[in-house]
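I opened this notebook to record what I looked up in the structure, entry by entry. The sequence and the model come first, and my notes follow.

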Amino acid sequence: MEGAVQLLAPAYIAASKFILTPSYHDILSIVKGVRNGVVYGTKIRFPHALVMTFLFRSGTLKQKFRWIFEATKAHATNLAKFVFIYKTLMLIFKRFSGKLEKPHPFIAGIIGGYYVFGENNNINNQIVLYLFSRILVGLAKLGVKRGVLPAPDNTFAVFASLVWGVVMWLFVFETDTLQASLAASMQYLYNDSNTWDGLRNFLWHNK
């Protein structure tokens, strides 16, 4: 064991020296960004896919684990690809202009978003809708920050009540317009709870 450690020590030292070299920092930041995209995407998607699959999907155990793997892989690789495109473009912009300009993140985001998240599938749909909700809140806060919008009391309470009112109306009358996993969750909460034929599927099981 000690012999193996001694053999690897020079390689470890050389690798550490390489990644700490200032002239390589910008390129290596792209590599680490890709790494973080894979890790973060896996951490976010795996538990979500695991729960949603065993709650709402039918099929064999093998099929369920296969879907969990595919969903996790898609989320992780898409985030990694977007980080790669975004950070690469930002580096190119920096090299050409010499400094960060306000349009740079927007342009890089548009290009990365189109090529990575442009396909309308379940994973991309969830990610884009998640971001859409966050940027709407962010833009509202920006409006208040810049003095363009007022900041009345109970803003969040009004916002929350409108969101829940609209989503419940859509669920009851226009279910097919909702994102599939949201519709499945609401079906479980509001419609499946209307049916049972004994204690088994009243307390211990849904159906």
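**Entry 1. An aromatic pair.** I began with Phe18, which is partly exposed at a relative accessible area of 41%. The model is a predicted one. I then looked up Tyr24, and Tyr24 is also partly exposed, with a relative accessible area of 38%. I noted that the structure holds 9 aromatic pairs. Phe18 and Tyr24 form one of them, with ring centres 4.7 Å apart and 40° between the planes, a tilted arrangement.

**Entry 2. A second aromatic pair.** I next took up Phe82 and Phe117, whose ring centres lie 5.9 Å apart. Their planes stand at 50°, and since pairs count as edge-to-face only over 60 degrees and as stacked only under 30, this pair is tilted. Phe82 belongs to helix 3 and Phe117 to helix 4, so the pair ties together parts that are 35 residues apart in sequence. Are the two residues buried or exposed? I found Phe82 partly exposed, at a relative accessible area of 22%. Phe117 has 14% relative accessibility and counts as buried, because the limit for buried is under 20%. I also recorded that Phe82, Tyr86 and Phe117 form one aromatic cluster.

**Entry 3. The chain as a whole.** I stepped back to the overall fold. The protein chain has 8 helices and 0 strands, and its elements run α-α-α-α-α-α-α-α from the N terminus on. I asked what radius of gyration the chain has, set beside a compact globule of 207 residues. Such a globule would come near 17 Å, but the protein chain has 24 Å. The C-alpha trace spans about 70 × 60 × 30 Å along its principal axes. Buried residues make up 20% of the 207 residues. Among contacts with a separation of 6 or more, 50% are between residues 24 or more positions apart. I noted an accessible surface of about 15800 Å² for the protein chain, with 68% of that surface belonging to carbon and sulfur atoms.

**Entry 4. Helix 5.** I checked the length of helix 5, which covers residues 122–145. At 1.5 Å a residue, its 24 residues should span 34 Å, and the end C-alpha atoms are 34 Å apart, which agrees. The expected figure rests on 1.5 Å times one less than the number of residues. Which residues of helix 5 are buried? I listed Ile123, Asn124, Gln126, Ile127 and Gly143. These buried residues pack against helix 2 (25–56), helix 3 (61–97), helix 4 (103–117) and helix 7 (180–191). At the N-terminal end of helix 5 I found a cap, Asn121, with a side-chain oxygen 3.3 Å from the backbone nitrogen of Ile123. Helix 5 is followed by Gly147, whose phi is positive, near 80°.

**Entry 5. Asn154.** I looked for this residue in the loop between helix 5 and helix 6 (155–173), and Asn154 is placed there. Phi of Asn154 is near 60°, a positive value in a residue other than glycine. At 60% relative accessibility Asn154 counts as exposed, because the limit for exposed is over 50%.

**Entry 6. Asp26.** I turned to helix 2, where Asp26 is found. Asp26 is partly exposed, at 23% relative accessibility. A polar contact of 3.5 Å joins the side chains of Asp26 and His25. Which residues does Asp26 contact, leaving aside neighbours within four places in sequence? I recorded Leu91, Lys94 and Arg95. Between Asp26 and Leu91 the separation is 65 residues in sequence, and their C-alpha atoms are 7.2 Å apart in space.

**Entry 7. Asn201.** I closed with helix 8 (residues 200–204), which holds Asn201. Asn201 is buried, with a relative accessible area of 10%. I followed its side chain to two partners. The side chain of Asn201 makes a polar contact of 3.0 Å with the side chain of Asp197, and the side chain of Asn201 also reaches the backbone nitrogen of Gly198 at 3.3 Å. Leaving aside neighbours within four places in sequence, Asn201 is in contact with Thr195, Trp196, Asn206 and Lys207.

How values were computed:
Residues are numbered from 1 along each chain as its sequence is written. Side-chain values use heavy atoms; hydrogens and water are left out. Helices (H or I, at least four residues) and strands (E, at least two) are DSSP runs, numbered from the N terminus. Buried means under 20% relative accessible area, exposed over 50%, partly exposed in between (1.4 Å probe, protein chains only). Contact means heavy atoms within 4.5 Å. A polar contact is a pair of N or O atoms within 3.5 Å; within protein, one must be able to donate a hydrogen and the other to accept it, and residues adjacent in sequence count only if both atoms are side-chain atoms. The radius of gyration is taken over C-alpha atoms; the globule rule is 2.2 Å times the number of residues to the power 0.38. Accessible areas come from the Shrake-Rupley method with a 1.4 Å probe; for residues, only the protein chains shown count as cover. Rings of Phe, Tyr and Trp (its six-membered ring) pair if their centres lie within 6.5 Å; planes under 30 degrees apart count as stacked, over 60 as edge-to-face and the rest as tilted.
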